[in-house]
Amino acid sequence: MEEITANTTSTVSLPVMEHFYTIQGEGYHQGKAAYFIRLGGCDVGCVWCDVKESWDASKHSLMKIEELVATVKKTPAELVVITGGEPLMHNLDELTDQLQQAGLKTNIETSGSHPLSGLWDWICLSPKKFKAPLEPILHLANELKVIIYHKSDFEWAEKYAALVAPHCKLYLQPEWEKAAEMTPAIINYILDNPQWELSLQIHKYINVP
Ligand code: SF4
């Protein structure tokens, strides 16, 4: 049996829920072609999570890292986004090493609630109220993306904006089910606080994965 969840040991295979080549719909890299690898496993427990089927890592087949990288290389992708689930529940050193050796840029989308592993060209930190991010990743994040579910979340977003590095890009993104209600509030907030930018899940509007 191969180890699938230890985040301190070398990993040969990872539980992959899905992988696909598409358009990044969110945040700083929105609109760019990207190969997404969604890993199984998450213990954060967001009530509004739209990928709850990712939570149980054991429900997702193990895929060899070599095979994953070879699959990505069959496409014209230049950028790979590792997401989940919570991808940092796994040791990502080997995956990112092989992706970078294959000439691919490595981006991660994480809640930051597990220790950082892997070599990253871009770290998108999306902190969650249900399990706080660990302190070291706050200084390393290139992008802070806060999901706005309720108006009280603006104050919570500012708490994390004060903790990330000065170069970190700041995004507010409406939770999908609340988008009709929260997007106007986010727009007004950004007009008053222009250090923030709007992130929309454009892949859901244009109906791509
Ligand atoms: S961190 Fe992501 S995958 Fe995990 S529960 Fe929250 S939204 Fe879902």
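Two strands pair if DSSP finds at least two bridges between them. Strands (E, at least two residues) and helices (H or I, at least four) are DSSP runs, numbered from the N terminus. This is a predicted model: local features need pLDDT of at least 70, side-chain atom pairs count only at pLDDT 80 or more, and totals for chains, interfaces and linings use all residues. Residues are numbered from 1 along each chain as its sequence is written, and side-chain values use heavy atoms, with hydrogens and water left out.

**Exercise 1. Find the partners of β1, then place β1 in the sheet.**

Step 1. Take β3 (residues 62-64). Three bridges join it to β1 (residues 13-23), and the two run antiparallel. Ser-13 stands opposite Lys-64 in β3.

Step 2. Take β2 (residues 33-39). Seven bridges join β1 and β2, again antiparallel. Val-16 has Leu-39 of β2 as its bridge partner.

Step 3. Write out the order. The open sheet has nine strands, β3-β1-β2-β4-β5-β6-β7-β8-β9, with mixed pairing. β3 and β9 (197-198) each have a single partner strand, so one side of each lacks a neighbour in the sheet.

**Exercise 2. Describe the surroundings of the ligand.**

Step 1. Locate the ligand. It sits in the largest pocket.

Step 2. List the residues around it (a heavy atom within 4 Å). They are Cys-42, Val-44, Gly-45, Cys-46, Trp-48, Cys-49, Val-51, Trp-55 and Gly-85.

Step 3. Sort the shell. Seven residues are nonpolar, two are polar and none is charged. Gly counts as polar here, Cys and Trp as nonpolar.

**Exercise 3. Inspect the backbone at Gly-85 and Asn-207.**

Step 1. Go to the loop between β4 (79-83) and α2 (93-101), where Gly-85 is found. A cis peptide bond joins Gly-84 and Gly-85, with omega about 15 degrees.

Step 2. Go to the segment after α6 (202-205), which holds Asn-207. Phi of Asn-207 is positive, near 60 degrees.

Step 3. Set both against the general pattern. Most residues other than glycine have a negative phi, and most peptide bonds are trans.

**Exercise 4. Judge the confidence of the chain.**

Step 1. Read the pLDDT (the predictor's confidence in each residue, from 0 to 100). The chain mean is 94, and 95% of residues reach 70 or more.

Step 2. Check residues 1-6. Their pLDDT stays under 50.

Note on methods
On a 1 Å grid over the protein atoms alone, a cavity is a set of points where a 1.4 Å probe fits but cannot get out, and a pocket is an open set with protein on both sides within 12 Å along at least five of seven lines; lining residues have an atom within 4 Å of a point. A molecule sits in a cavity or pocket if more than half of its atoms lie within 2 Å of its grid points. Contact means heavy atoms within 4.5 Å.
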